[in-house]
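Grab your viewer and work through the exercises below. Each one sets a task and then walks through a solution.

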Amino acid sequence: MKADLLRAEGISKHFGGVKALRDASLSVATGEVHAVVGENGAGKSTLSKIITGAVVADSGNIFWDGQSVSIASPMSAQRLGISMIFQELDLFPNLTVAENMVIGNLNVERSSWVDFEKVDDFCRPFLESAKVRHSPRELLGNLPIGQRQLVAVARALSMGSRLIFMDEPSSALSEDGAAILFERIQEFKRRGVSIVYISHKMQEIFRISDRITVMRDGQTVGTRTTGETTAEEIIAMMVGRTLSGSNRNSSVKQEPRPLLRVSGLTTARLRDVSFEVHRGEVLGVAGLLGAGKSELGAALFGLDRIHSGQVYIRGEQVQVRSPRHAMTLGLGLLPEDRRLEGLMMQMSVRENSTLAVLARFSTAGFIRTREEQTRSSQILESVKLKSNSPGAPVSTLSGGNQQKVLLGKWLLTEPDILFLDDPNRGVDVGAKWDIYAIVDSLAAEGKGILLVSSELPELLRCCDRILVLHEGRSMGIVDALTTTQEEIMSLATATAVN
Amino acid sequence: MPAIAPASPVRSPVKRLAGKLQSVIGLAGIVILAILLSPTTPDGANVFLQLGNLTDILRQISVIGIIALAMTFVILTAGIDLSVGSTLALSTSVMALCLTAWHPAVGMVGHILLSAFAAALVCGAIGLVNGAVISVAGIQPFIVTLATMIGVRGLAKWMTGNANIDIGFGTDDAAVFAAFAREKATVIATFAILACLFWLCLSKTVFGRYVRAIGDNEQAGLYTGLPVRRIKAYVYTLCGLLAGVSGILYTGENHQGNPNAGVGYELDAIAAVVVGGTSLSGGKGSISGTIVGTLILGVLTNMLRLKNVDSNVEMMLKAAIIVIAVALQRTRWRRDT
């Protein structure tokens, strides 16, 4: 192995109370394609953001060419020769290709007036080597997504980067686009440029990488040479110790008419998804980022248009028009992002908890304050909210307590079917166990629960059966009692198909 | 971003009260300054504190104050309504036309009430159009109401042939209306009653809660199944309606229907709302704040006029007050979250 170009050791970072990285490490050799894999939330993105200067670590050391360096900003990373291509391309669609390449680029001569000829001349060689077929004068927004990705690569090259981080670069690309990108990656490798390739698509990783580093729960589990390992070994490292079987006392009531039956559901992001949820059942929904888990909730709740397929609630076919309509049908949706889609951050805990059913506590439009207070404190107690001031803005609560407020809000609507979209994201351990207990008791009461989670042990712990999605398609429904994390992960990564 | 620590310290009640009272403290400061700076009458009385002067202030702020009440609702939903000044002009035009050029056989009171009803109805309809376009077509409120501001001004001028419609001092219906509507008691009572109604609406009703909710987080409002579009349509309708009411009072006070009235009133109303602590990004604000904001600007104007300060200098000082008031609130907000 050649000498290490980059060596990061003992990197730790926490956001609020959440530890994103604990003593993580990564080393990359010159001219190497180094894949970093891990489940959602394993710390891949945080680690790359620290090395590329977007986030500052709490502790740890970074060595570049053997020298200890501190990377305080993206600019200082750029000076060293490190750049990053983000998942959501960090480019400006309303600027031209050339403008996108030179903006904030330290290798471009600074002047007050733009000489467009000179800018074009600067960009052209890099665009050629990245195989961008469009003129530097073209608006970036007019390019197909694959070409935009290559512009980002050309930009990284023009900055004189010796190490490029790519975060899920193929997620937005078609097969052809991905093939072109892989070809370019091989070419750069020959020129001695190193690539850190963050992905969870096994097939790709094994196709292009030299080594693979696996992360889990903010820690580096290990690094393997690609030729000497297997997808099975990598998956086992990603999920940790083999955990199998649900320890849940099932409360499923098998009835001829399930509470919810979905057949051939197809939307812009889902293809032909079918499943049933019975009273007292917790159906897990597993899948990687972009598999269509949240989109399933959006389709059921009347937020996304359904192209084809049928939804039956208590045996009757329904066409959900809006969230309001969904609520009258007895559906509830706890959205994935509680800040953006769930809570009114400036409003109080109590006001948030009763918002969905406020009209029930009113006479001629006036809120019956006493009743609102009583019902709110009852429900917040039932979700074990630890907060002594229902009048405080919900933004002052911890993530776990915020999630409990949101859960309480949906429980007040008395839904029969509750879609919980990753309820334990950014939630502390204590609150997590409370939420598990609540899910158990809701199922015991005879509700049907759909539980989305990116953590497999959680799904195995809480669910009766687990629906596994991959790129909008159902890869199968497994029994939580008999399945393993490995089985779910291979369905989710579609490795079993190969 | 608030740092979310499990043990987030809850502010003490005293601090919270001080936070709430900050704009009131600002008002108190301005009032004290006005008392200190006020000239005195020959017999030694403080001019600012004379009952006549104080009620003058209330009368002067009422026209803008009424608009600012509804503007608070609009701004709470993270919107803006630039059309209220033009709508006020339309209201005065409709009111004066109905009073002078229309003679229904319904008696004097009936005639006056019908005229007022017509003016309010037309203005409410303008507001409804604003609200419908904003919520259904999804165009930014700034642009929609900018268009209405231009179009409605045109409508008022076209209706009146771009001439004032004067109301005399005789005993005809129009003159009787004007004599009644220009009474301090009428103007101040109208503002006071509307302020109470809007305060009740915002703090005690489901509608008021929804208004704050969708301004705080519209996306979450949709996910919660709130009637987001309808609420938006309603707040703009209310805003048009209150601009209409203001216009009716304006007609009486000035003894004329004036298609060129109310230029820049939208900005005065917005200023009163933001000085009162309502955030332009929505979700945070109150009617009591808006009333205090209106009073701060009104007392400031009165204080400067009593000192015979040049009205152009007055504008410059007003500008400074607006920025300082909002800057103070921002620092408080940062500490809060």
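**Exercise 1. Place Asp422(A) in its chain and decide whether it is buried or exposed.**

Step 1. Asp422(A) sits in the loop that runs between strand E19 (417-421) and helix H15 (429-444) of chain A. Helices (H or I, at least four residues) and strands (E, at least two) are DSSP runs, numbered from the N terminus. Bear in mind that this is a predicted model, where local features need pLDDT of at least 70, side-chain atom pairs count only at pLDDT 80 or more, and totals for chains, interfaces and linings use all residues. Residues are numbered from 1 along each chain as its sequence is written, and chains are lettered from A and ligands numbered from 1 in the order in which they are written.

Step 2. Count neighbours: Asp422(A) has 24 other C-beta atoms within 10 Å, so Asp422(A) is buried. The cut-offs are 20 or more other C-beta atoms within 10 Å for buried, 12 or fewer for exposed, and partly exposed in between, with C-beta atoms placed from the backbone.

Step 3. Check the backbone: phi of Asp422(A) is near 50 degrees, a positive value in a residue that isn't glycine. Most residues other than glycine have a negative phi.

**Exercise 2. Do the same for Ala78(B): where is it found, and what is its phi?**

Step 1. Look in the loop between H2 and helix H3 (84-101) of chain B, and there's Ala78(B).

Step 2. Its phi is near 70 degrees, again a positive value in a residue other than glycine.

Step 3. Ala78(B) has 18 other C-beta atoms within 10 Å, so it counts as partly exposed.

**Exercise 3. Work out how H2(B) and H10(B) pack, and which residues meet.**

Step 1. Helix H2 (residues 51-76) and helix H10 of chain B have axes that come within 8 Å and cross at roughly 180 degrees. Axes here are lines fitted to C-alpha atoms, for helices over the stretch in contact, and angles run from 0 to 180 degrees between N-to-C directions.

Step 2. H2(B) is therefore roughly antiparallel to H10(B). The bins are under 35 degrees for roughly parallel, over 145 for roughly antiparallel, 65 to 115 for roughly perpendicular, and oblique for the rest.

Step 3. Among the residues that meet are Ile67(B) and Met71(B) in H2(B), and Cys239(B) and Leu242(B) in H10(B). A contact means C-beta atoms, placed from the backbone, within 7 Å.

Step 4. Sorted by class, this contact has 17 nonpolar, 2 polar and no charged residues. Ala, Val, Leu, Ile, Met, Phe, Trp, Tyr, Cys and Pro count as nonpolar, Asp, Glu, Lys and Arg as charged, and the others, Gly among them, as polar.

**Exercise 4. Find the largest nonpolar core and say which helix gives the largest share.**

Step 1. A nonpolar core is a set of buried Ala, Val, Leu, Ile, Met, Phe, Trp, Tyr and Cys residues joined through C-beta atoms within 7 Å. The largest one has 234 residues, and those with the most contacts inside it include Leu451(A), Val468(A), Ile67(B) and Ala269(B).

Step 2. Helix H10 (residues 228-254) of chain B gives the largest share of this core, 14 residues.

Step 3. Domain 1 (4-239) and domain 2 (260-492) of chain A both give residues to this core, so it lies between them. Those bounds come from an automatic or database domain assignment.

Step 4. Zoom in on Ala269(B): leaving out residues up to four places away in sequence, it touches Ile64(B), Ile67(B), Ala68(B), Met71(B) and Val84(B).

**Exercise 5. Describe the contact between the two domains of chain A.**

Step 1. Over C-alpha atoms, the centres of domain 1 and domain 2 of chain A are 35 Å apart.

Step 2. Domain 1 of chain A puts 11 residues into the contact, and domain 2 of chain A puts in 12 residues.

Step 3. On the domain 1 side, helix H8 (residues 231-239) of chain A gives the most, with 4 residues.

**Exercise 6. Describe the side of chain B that touches chain A.**

Step 1. This contact takes 25 residues from chain B and 32 residues from chain A.

Step 2. H8(B) supplies the largest share of the chain B side, 6 residues.

Step 3. By class, the chain B side has 12 nonpolar, 8 polar and 5 charged residues.
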